[in-house]
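Here are some notes for a colleague who is meeting this structure for the first time. Please keep the model open while reading, and take the points in order.

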Amino acid sequence: MSLNYKEIETLGALKKAGYQSKSIKDELRENLRERIKSGAETFTGVWGYEDSVIPELERAILSRHNINLLGLRGQAKTRLARLMVNLLDDYIPIVEGSEINDDPLAPMSRYAKELIAEKGDDTPIDWLPKSERFYEKLATPDVTVADLIGDVDPIKAANLKLSYADDRVIHFGMIPRANRCIFVINELPDLQARIQVSLFNILEEGDIQIRGFKLRLPLDIQFVFTANPEDYTNRGSIVTPLKDRIGSQILTHYPDDIETARRITEQEANLDQRQSDAVYVPDLAKDLLEQISFEARNSEYVDAKSGVSARTSITAFENLLSTAERRALLTGAETTMVRLSDFLGVIPAITGKIELVYEGEQEGADAVAEILIDEAVKSLFPEFSPKINKLQRKDVETPYDELLHWFFQGEGFELLDDFTDEEYKRALDGIPPLNQVIETYQPNFPKEDVYFLKELLLWGLVSHKKLNKHRFSEGYQFKDLYSSFLKDI
């Protein structure tokens, strides 16, 4: 129904317009039905859930369920909840001045009932936009029943000269004030069990009790909870009766492939436009960055139960561009390109995002981050050059023999951090066998990305223990694997 909100200012005008009340769950359901029928996207900007989480979430909304999104950190649980606002009507009418968004056609609070009884069809109404119909609360151990449900307000009682027996002394908490809205409780297991118990009646019967006042308030709320499976054992749990009252529990997950992970990172990264314009990032560098998170999720050093957030790749991407940008500023260059050696700059973003097991703690966070980068290189290496087998005969020729021989005959090869782009390219072009490997196996590789590929092949040979890589204060040095032993003889 199309209504002119500016013209409808009283209850009488609302009735005359033929407005009909509906619950928020019906509102979400009807708008979702229209979107699905029209083929419109329901949850914009959430990638990788098209065939898993989103269909389950749509089914839960169509079923008018309260929802629990269960998954590890960094899996867009809160984002999904916030996007549900887009399924609400643009505006809904409320009794002007109501604390709990009273429906003018079905008032609940004493204030709204008395106002309508006094003014009738002249009762003033307001229009609440959908952007203001979202409430969010992070569950922490210090949350109280008074915060969520409400309490008696002695200051109100004194100011209005009311006794504590008068229900007008009640101060409503967040949940009643979220009437006809979406209410999200993040990290539900962190909520103390006795506080979770206070939600039972609200979810099922709709009535609440505040300090002895039994209020029959049929609150109209779409609840969305988020929880981390780790919390069930480490910090708390969702009490069984509360889980029983939550209609649908939906499991979220991390991206299944690098392409999806890249879309998420590029969408969420907070970049300065000048940074984006000045720094060119090869596609291979973006793939390598995402591969680091995939390696972390399977690493023996990282606690798999804690998860590796999508924010790991996002902050690492920001650090990667900042590393290249800083080099450009130091060398006076207007533009530059990301190098594999720039990945040293993403280590702080990795160490702050992963939880290590005992073996990882023994290695150290920085060392684990470097291992993850090396493992990511090792995983991508076979996609761009011939695979290196763990076991092979000594007399069998390999595509890398000339390249390894070049390092064996020489004194090594250095890539300094402060090389200009010209110096960087000249240094890599100065390895003829490396150029030959690229020409043979990747002849059509994009020219602007080929130098990153060259560096990747060198790092790949190091990860397969064919070359030796050494980090020193000014950059990286690549040498023959046995050169250090020969010098000692």
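The numbered points below go from the whole chain to its interior.

1. Please bear in mind from the outset that this is a predicted model, and that the values discussed here were computed from it.

2. On the level of secondary structure, the protein chain contains 24 helices alongside 16 strands, and both kinds of element should be looked for when tracing the chain from one end to the other.

3. Of the 489 residues in the protein chain, 49% are buried, while the accessible surface of the protein chain amounts to about 24,700 Å², with carbon and sulfur atoms contributing 47% of that area.

4. As for how the chain is held against itself, if one takes the contacts in the protein chain with a separation of 6 or more, 75% of them join residues that lie 24 or more positions apart.

5. How many cavities of 30 Å³ or more does the structure hold? There is one, and the volume of the largest cavity is about 60 Å³.

6. The lining of the largest cavity is formed by Pro255, Ala261, Ile264, Thr265, Glu290, Ser293, Phe294, Arg297, Ala310 and Ser313. Two or more of the lining residues come from each of α13 (258-268) and α15 (283-297), and α15 supplies the largest share, with four residues.

7. In chemical character, the residues lining the largest cavity are mixed, since five are nonpolar, three are polar and two are charged; the reader may wish to locate Glu290 and Arg297, both of which belong to this lining, when viewing the model.

Terms used
Residues are numbered from 1 along each chain as its sequence is written. This is a predicted model: local features need pLDDT of at least 70, side-chain atom pairs count only at pLDDT 80 or more; totals for chains, interfaces and linings use all residues. Side-chain values use heavy atoms; hydrogens and water are left out. Buried means under 20% relative accessible area, exposed over 50%, partly exposed in between (1.4 Å probe, protein chains only). Contact means heavy atoms within 4.5 Å. Accessible areas come from the Shrake-Rupley method with a 1.4 Å probe; for residues, only the protein chains shown count as cover. On a 1 Å grid over the protein atoms alone, a cavity is a set of points where a 1.4 Å probe fits but cannot get out, and a pocket is an open set with protein on both sides within 12 Å along at least five of seven lines; lining residues have an atom within 4 Å of a point. Grid points are joined across faces, edges and corners, and a volume is the space filled by probe spheres set on the points. Ala, Val, Leu, Ile, Met, Phe, Trp, Tyr, Cys and Pro count as nonpolar, Asp, Glu, Lys and Arg as charged, and the others, Gly among them, as polar.
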